[in-house]
Amino acid sequence: MGLSLSPKVAFALVSFFLGELGDGLNIFQGIYLVELGWNEGSVGIALSLMGFTALVVQTYAGDVIDKTHFDRRAFLSLASVATAFSASAILFVHEGNEDHLLIFATKIIEGISSSFIGPCVAALTLATFGPDVFDDVMASNIFWGHVGSVASAVLAGVAGDGLYPH
């Protein structure tokens, strides 16, 4: 007998972990890159590339999700994995690394892939709960996403303080 969650709890958990995936880590990635010797301008360019790419792609991503016949759960999984892998590229940057291309390229990929996450969650929420409770469930999803972002930031700060003591 497997674990059975209510759909609302399942969406809350997904939103929590998606929040951890995105917003909470970028600040610490920037700090980490500065500690490795990157100047603040290069870090700003990397994070801006991701934000600008997401801004441009978001509308198109929503349109693709609305029109696709591809399973939106699989689409959400693929977008999440692509976002996580591109965010993990920072592990390949070492002190004194002057080649910013890896981070710039993966931040663009992260901007593209993360643009599909919100529309996928919205489409799945609408398909699961219908239009009558869509607003309430989406509000809950957004709340748990923010809680995940805060949890991610706290965990990254604690890990950074523990791994890199003053």
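**Exercise 1. Decide whether Gln 29 is buried or exposed, then find its partners.**

Let's start with the number: Gln 29 has a relative accessibility of 8%. The cut-off for buried is under 20%, so Gln 29 counts as buried. Keep in mind as you work that this is a predicted model.

Next, place the residue: Gln 29 sits in helix α2. Leaving out residues up to four places away in sequence, Gln 29 touches Ala 87, Ile 90 and Lys 107. With Lys 107 there is also a polar contact, side chain to side chain, at 2.4 Å.

**Exercise 2. Work out which residue Lys 107 meets in a salt bridge, and where the two partners lie.**

Stay with Lys 107, the residue you just met. Its side chain forms a salt bridge with that of Glu 110, at 3.0 Å from N to O. Now locate them: both Lys 107 and Glu 110 belong to helix α5, 3 residues apart, or about one turn of the helix. Last step, check the surroundings: both residues are buried.

**Exercise 3. Find the other salt bridges and say how accessible their partners are.**

The structure holds 3 salt bridges. Here's the idea behind them: side chains of opposite charge can pair when their charged atoms come close.

- Take Asp 63 and Lys 67: their closest N and O atoms are 3.3 Å apart. Both lie in helix α3, 4 residues apart, about one turn of the helix. Asp 63, at 36% relative accessibility, is partly exposed, while Lys 67, at 58%, is exposed.
- Now take Arg 73 and Asp 71: their side chains meet at 3.1 Å, N to O. Arg 73 is exposed at 55%, and Asp 71 is partly exposed at 36%.

**Exercise 4. Show which residues of helix α4 are buried and how they are arranged.**

First, get to know the helix. α4 runs over residues 72–88, so to speak a stretch of 17 residues, and reaches 24 Å from its first C-alpha to its last, close to the 24 Å expected at 1.5 Å a residue.

Second, list the buried residues: Phe 75, Leu 76, Ala 79, Ser 80, Thr 83, Ser 86 and Ala 87. Look down the axis of α4 and you'll find these buried residues within an arc of 135°, so they line one face of the helix. On the other side of α4, Arg 73, Leu 78 and Phe 85 are exposed.

Third, look at the start of α4: there, a side-chain oxygen of Asp 71 comes to within 3.1 Å of the backbone nitrogen of Arg 73.

**Exercise 5. Classify the ring pair of Trp 38 and Phe 104, then look at some other aromatic rings.**

There are 6 aromatic pairs in the structure. For Trp 38 and Phe 104, the ring centres are 6.2 Å apart and the planes stand at 85°. Planes over 60 degrees apart count as edge-to-face, so this pair is edge-to-face. The pair links distant parts of the chain: Trp 38 is in the loop between α2 and α3, Phe 104 is in helix α5, and they are 66 residues apart. Trp 38 is buried, with a relative accessible area of 3%.

Try the same steps on Phe 143 and Trp 144. Their rings are 5.1 Å apart, centre to centre, with 80° between the planes, and the pair is edge-to-face. Phe 143 is partly exposed at 48%, and Trp 144 is partly exposed at 34%.

To finish, find the cluster: ring pairs join Phe 70, Phe 75 and Phe 116. You've seen Phe 75 already, among the buried residues of α4.

Key
Residues numbered from 1 in each chain as written. Predicted model: local features only at pLDDT ≥ 70, side-chain atom pairs only at ≥ 80, totals over all residues. Heavy atoms only, no water. Phe/Tyr/Trp six-rings, centres within 6.5 Å; stacked < 30°, edge-to-face > 60°. Helix = DSSP H or I, 4+ residues; strand = E, 2+ residues; numbered from the N terminus. Buried < 20%, exposed > 50% of the residue type's maximum accessible area, 1.4 Å probe, protein only. Expected span 1.5 Å × (residues − 1). Arc of directions from axis to C-beta. Polar contact = N/O pair within 3.5 Å; in protein donor to acceptor, adjacent residues only side chain to side chain. Contact = heavy atoms within 4.5 Å. Salt bridge = Lys/Arg side-chain N within 4 Å of Asp/Glu carboxyl O.
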